Amino acid sequence: MSDHVRYLGVLGPPSADAADGVQAACERLQDEGLLGEVSPGAAPGHGRAAAIAPGPRVLQAAPELSGLTRNGVELYPSPFMNVGALMSEGLTCPRCGLAVGPDHDRRGEIVDLLGSAADAERFDDGAALCPACEGASGVNDWVRGEAFILASCGLALWNWPRLPQIDAALCAALADAIPGRPLRWGAWRI
Ligand SMILES: [Zn+2]
């Protein structure tokens, strides 16, 4: 079985209190039984991201997680990229409507452009210059709906199914710890 990961990203440029906010959200979620202890094997861990085991309430709601090696949550205290959104078929220029499907002849160029801007942590509205219309936009403006390419901090949930009550609690913990910032879900199947 392949792994899938669901991201909950805090959008907008990084804020000075992001790392403390993610830690505070984690502690609250541990108190609520949604997260367990630090568990390095529960998620791949990408350098600065700490991996946390699922808590008892999550294992009760999704018992299938107990049998998986990767079932934890990564905490991202600083900017991270959702490669799944970058590789999606839904890239569209917000200025001219250029739709960059899988067979588009400029797809490689545009994925490279957006990936480079995200990698450089460019959160500004001029980060992505469309090669077709030369209009400037933000990296996340190229994806719609439940997707983002670049977040300033957030969570990655390894193999967690959609669980409305638990998803709402995760959002509430992040929103309270890092107030006034939009949250957006994203996903990637690996
Ligand atoms: Zn364009």
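How many of the 5 residues in strand 3 (residues 50-54) are buried? The count is 4, so strand 3 is mostly covered, where buried means that 20 or more other C-beta atoms lie within 10 Å of a residue's own, exposed means 12 or fewer, and partly exposed is anything in between, with the C-beta atoms placed from the backbone. Strands here, and helices too, are DSSP runs numbered from the N terminus: E with at least two residues for a strand, H or I with at least four for a helix.

Before going further, a word on what you're looking at. This is a predicted model, in which local features need pLDDT of at least 70 and side-chain atom pairs count only at pLDDT 80 or more, while totals for chains, interfaces and linings use all residues. Residues are numbered from 1 along each chain as its sequence is written.

Now zoom out. The chain contains 5 helices and 12 strands. Along the principal axes, its C-alpha atoms fill a box of roughly 50 × 40 × 30 Å. The radius of gyration, taken over C-alpha atoms, is 17 Å, which agrees with the value near 16 Å for a compact globule of 190 residues; that rule is 2.2 Å times the number of residues to the power 0.38. Of the 190 residues, 37% are buried. Contacts, meaning pairs whose C-beta atoms, placed from the backbone, lie within 7 Å, reach far along the sequence: among those with a separation of 6 or more, 72% join residues 24 or more positions apart.

The chain splits into two pieces, with bounds that come from an automatic or database domain assignment. Domain 1 covers 4-81 + 148-189, and domain 2 covers 89-142. Their C-alpha centres lie 27 Å apart. Where they touch, domain 1 brings 9 residues and domain 2 brings 7. The domain 1 side of that contact has 7 nonpolar residues, 2 polar ones and no charged ones. For this tally, Ala, Val, Leu, Ile, Met, Phe, Trp, Tyr, Cys and Pro are nonpolar, Asp, Glu, Lys and Arg are charged, and the others, Gly among them, are polar.

Back to strand 3, and to the sheet around it. Strands count as paired if DSSP finds at least two bridges between them. Strand 3 pairs with strand 2 (residues 35-38) in the antiparallel sense over 2 bridges, and Leu-35 stands opposite Pro-54 there. Strand 3 also pairs with strand 4 (residues 73-76), again antiparallel, over 3 bridges. In that pairing, Ala-51 stands opposite Glu-74 and Ala-50 stands opposite Leu-75.

Follow these pairings outward and you get an open sheet of 6 strands, antiparallel, in the order 2-3-4-11-1-12. Strand 2 and strand 12 (183-189) are the edges: each has a single partner strand, so one side of each is left without a neighbour in the sheet. From one strand to the next, the twist averages 25°. Helix 5 (residues 164-177) packs on this sheet and touches strand 1 (4-10), strand 11 (153-158) and strand 12. The direction of helix 5 makes about 30° with that of strand 1, where axes are lines fitted to C-alpha atoms, for helices over the stretch in contact, and angles run from 0 to 180 degrees between N-to-C directions.

Step off the end of strand 3 and you meet Gly-55, in the loop leading to helix 2 (56-61). Gly-55 is partly exposed because it has 19 other C-beta atoms within 10 Å. Setting aside neighbours within four places in sequence, Gly-55 is in contact with Gln-30, Gly-33, Leu-34, Leu-35 and Gly-36. Leu-157 is 102 residues from Gly-55 along the chain, and their C-alpha atoms are separated by 12 Å.

Other spots are worth a click as well. Gly-108 is in helix 4 and counts as exposed, with 10 C-beta neighbours inside 10 Å. From Gly-108 to Ser-152 is 44 residues in sequence and 25 Å in space, C-alpha to C-alpha. Glu-121 sits in the loop between helix 4 (107-119) and strand 8 (128-129). Phi of Glu-121 is near 55°, a positive value in a residue other than glycine, and Glu-121 counts as partly exposed because it has 16 C-beta neighbours inside 10 Å. Glu-134, in the loop between strand 8 and strand 9 (136-137), has a positive phi too, near 65°. With 9 C-beta neighbours inside 10 Å, Glu-134 counts as exposed.

Conventions. Two residues are in contact if their C-beta atoms, placed from the backbone, lie within 7 Å.
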